[in-house]
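Student: Could you walk me through this model, mostly its charged pairs, its strands and its core? I'd like to ask as we go.

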Amino acid sequence: MPIYYFHIRHADRVVHDPEGSELPDLQTALHEANESLRELVAHALVSKHSSVPLGIQVFDENGNLAVEVDIDGVIPRRG
């Protein structure tokens, strides 16, 4: 099974995922990235962290950027 790495992008830094996750395919990795970003943003807001994650970059096991999920795509805006 392929390994995908989920690097969390903040305004001022990127937090790298050194271990990765074995997932069956890119579609599953994209779903995981979307869900993870929603949870991370919610946790940051509830905890009143000064740094809210802006996105997750998903890299494949060869170090290639496979897909990127941005906060605008997973958090609906009001009005």
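Tutor: Sure, one definition before anything else: contact means heavy atoms within 4.5 Å. This is a predicted model, where local features need pLDDT of at least 70, side-chain atom pairs count only at pLDDT 80 or more, and totals for chains, interfaces and linings use all residues. Residues are numbered from 1 along each chain as its sequence is written, and side-chain values use heavy atoms, with hydrogens and water left out.

Student: Leaving out residues up to four places away in sequence, which residues does Tyr-4 touch?

Tutor: Sequence neighbours up to four places away are not counted here. What remains is Asp-17, Gly-20, Ser-21, Leu-23, Asp-25, Leu-26, Ala-29, Val-58, Phe-59 and Asp-60.

Student: Which element gives the most to the largest nonpolar core?

Tutor: A nonpolar core is a set of buried Ala, Val, Leu, Ile, Met, Phe, Trp, Tyr and Cys residues joined through side-chain atoms within 4.5 Å. The largest one has 13 residues, and Tyr-4, Phe-6, Ala-29, Ala-33, Leu-37, Ile-56 and Val-58 have the most contacts inside it. β1, α1 (26-46), β4 and β5 each supply at least two of its residues; helices (H or I, at least four residues) and strands (E, at least two) are DSSP runs, numbered from the N terminus. With four residues, the top contributor is α1.

Student: Is strand β4 largely enclosed or open?

Tutor: Buried means under 20% relative accessible area, exposed over 50%, and partly exposed in between (1.4 Å probe, protein chains only). On one side of β4, Gly-55, Gln-57 and Phe-59 are buried, and on the other so are Ile-56 and Val-58. Five of the five residues of β4 (residues 55-59) are buried, so the rest of the structure leaves this strand largely enclosed.

Student: What stands opposite Gln-57 in β5?

Tutor: Strands pair if DSSP finds at least two bridges between them. β4 runs antiparallel to β1, with five bridges joining them, and Tyr-5 stands opposite Phe-59 there. β4 is also antiparallel to β5, again through five bridges, and these two form a hairpin with five residues between them, Gly-63 in the turn having a positive phi of about 85°. Across from Gln-57 in β5 you'll find Glu-68.

Student: On to charges: how many residues apart in sequence are the parts that Glu-68 and Arg-9 tie together?

Tutor: A salt bridge is a side-chain nitrogen of Lys or Arg within 4 Å of a carboxyl oxygen of Asp or Glu, and the structure holds four. Glu-68 and Arg-9 make one of them, at 2.9 Å from N to O. Glu-68 lies in β5 (residues 65-70) and Arg-9 in β1 (residues 3-9), so the separation is 59 residues.

Student: Is Arg-9 buried or exposed?

Tutor: Arg-9 also meets Asp-70 in a salt bridge, at 2.3 Å from N to O. Glu-68 is partly exposed at 32%, and Asp-70 is partly exposed at 36%. Arg-9, at 19% relative accessible area, is buried.

Student: How far apart are the closest N and O atoms of Arg-13 and Asp-12?

Tutor: Arg-13 is partly exposed, at 40%, while Asp-12 is exposed, at 61%. In their salt bridge, the closest N and O atoms are separated by 3.2 Å.
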